[in-house]
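Biologist: Could you take me through one part of this model closely, namely its nonpolar core and the side chains around it? I would like one connected account rather than a list.

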Amino acid sequence: MAKQNFILCLHPNTKLVFTFFVTISVLLIPTFWYGYGIFIVCVLIALGARVLKEFLSFAVKALLLLLVLVFFIQAFFTPGGTVLHTIGFLSIHENGVESGLNMTSRILGISSVFLLFFRITSMKDTVQALENMGLPSMASFVVLSTLQIIPEMKKQAQVIMDAQKTRGVETEGNIITRAKAFIPTLSPLILSSLAATEERAVTLEARAFSVKGKKTRLYELKKKRIDVVLQIIMGILLIGLIVWRIVV
């Protein structure tokens, strides 16, 4: 039997507490080194969980362009301090660079920990953990559906595009060719999404989703001692951090 990964086997609540702890700490700690350090920590955790490739790929696609734009906007349009460089009528100020580093570090730190959470936690475990905390079944279903709608539509769009390709429709090439191939897929994509919604509703009713009362499960989440210890440690650290910021 293969050895289970320690990070992946942690309770979803532990991962969720870590996510919110990092988010609040990034907002409270003023230095930009902390935000960039959190990204390195997330990379190490992703490496330990064996999801490094997926994590880095998603982080680069989702964050790289945003971080570059935010940094240069802050650097060029935040006045104050020494002028470091001038390009035409625009000048990069010392305060602008500092503001850009602070802003991008917070975006990177918060975004990377949320990306990591969704890489190392399955949606069914997350929703079940929320239900165990008292979230109504209807609300948990809304959360799960919202998180899954984009991946499901992307998968369905790819299936439709492959079907178009088998019929001789040109789906690869420059951006104009791709746009022409994508537009005809919108109608079947919308119709298939509506049909899937109806099928999901029928399935839920067949499983007594709307019936009142306690429901049993074949799969139950179990919180281990290490989960309790980690959550207590992060709670104490967060309280200490908040007190430190108030005092300082």
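**The core and its surroundings**

Modeller: The largest nonpolar core holds 20 residues, of which Val22, Cys42, Phe55, Leu63, Leu116 and Ile120 touch the most other members. Two or more residues come to this core from each of helix H1 (12-28), helix H2 (32-48), helix H3 (52-77), helix H4 (94-120) and helix H8 (225-247), and the greatest share is that of H4, which gives 5 residues. Please keep in mind throughout that this is a predicted model.

For the setting, the protein has 8 helices and 2 strands, and their order from the N terminus is α-α-α-β-β-α-α-α-α-α. Buried residues amount to 28% of the 248 residues, while the protein exposes about 16,700 Å², with carbon and sulfur atoms supplying 69% of that area. If one takes the contacts between residues at least 6 apart in sequence, 67% of them join residues at least 24 apart.

Among the core residues named above, Leu63 is a good place to begin. Leaving aside residues up to four places away in sequence, Leu63 touches Leu108, Ser111, Ser112 and Leu115. The spacing of such partners can be read against the geometry of a helix: an α-helix has 3.6 residues a turn, so residues three or four places apart point the same way.

Thr104 also lies in helix H4, and it counts as buried because its relative accessibility is 4%, where the cut-off for burial is under 20%. With residues up to four places away in sequence again left out, Thr104 touches Tyr36, Leu67, Val70 and Phe71. With Tyr36 the link includes a polar contact, in which the two side chains come to 2.6 Å.

Tyr36 leads on to the aromatic residues, since Phe32, Trp33 and Tyr36 form one aromatic cluster. A pair of aromatic rings is described by the distance of the centres and the angle of the planes. For Phe32 and Trp33 these values are 5.0 Å centre to centre and 35° between the planes, and the pair is classed as tilted. The two partners contrast in their exposure: Phe32 is buried, with a relative accessible area of 17%, whereas Trp33 is exposed, at 62%. A ring also takes part in a further arrangement, in which the charged end of Arg119 sits over the ring of Phe58 at 5.9 Å from its centre.

From helix H1, the residue to examine is Lys15, which counts as buried because its relative accessibility is 7%, under the 20% cut-off. The side chain of Lys15 reaches the backbone oxygen of Leu8 at 3.1 Å. Beyond residues up to four places away in sequence, Lys15 touches Ile7, Leu8, Leu10, Phe117, Ile120 and Thr121, and of these Ile120 has already been named among the core residues that touch the most other members.

Helix H5, residues 123-132, can be added to this picture, for Met123, Asp125, Thr126, Val127, Gln128 and Ala129 are buried there. H5 is followed by Gly134, whose phi is positive, near 115°.

Methods:
Residues numbered from 1 in each chain as written. Predicted model: local features only at pLDDT ≥ 70, side-chain atom pairs only at ≥ 80, totals over all residues. Heavy atoms only, no water. Helix = DSSP H or I, 4+ residues; strand = E, 2+ residues; numbered from the N terminus. Buried < 20%, exposed > 50% of the residue type's maximum accessible area, 1.4 Å probe, protein only. Contact = heavy atoms within 4.5 Å. Areas by Shrake-Rupley, 256 points an atom, 1.4 Å probe, with all protein chains shown as cover. Core = buried A, V, L, I, M, F, W, Y, C linked by side-chain atoms within 4.5 Å. Phe/Tyr/Trp six-rings, centres within 6.5 Å; stacked < 30°, edge-to-face > 60°. Lys NZ or Arg CZ within 6 Å of the ring centre and 35° of its normal. Polar contact = N/O pair within 3.5 Å; in protein donor to acceptor, adjacent residues only side chain to side chain.
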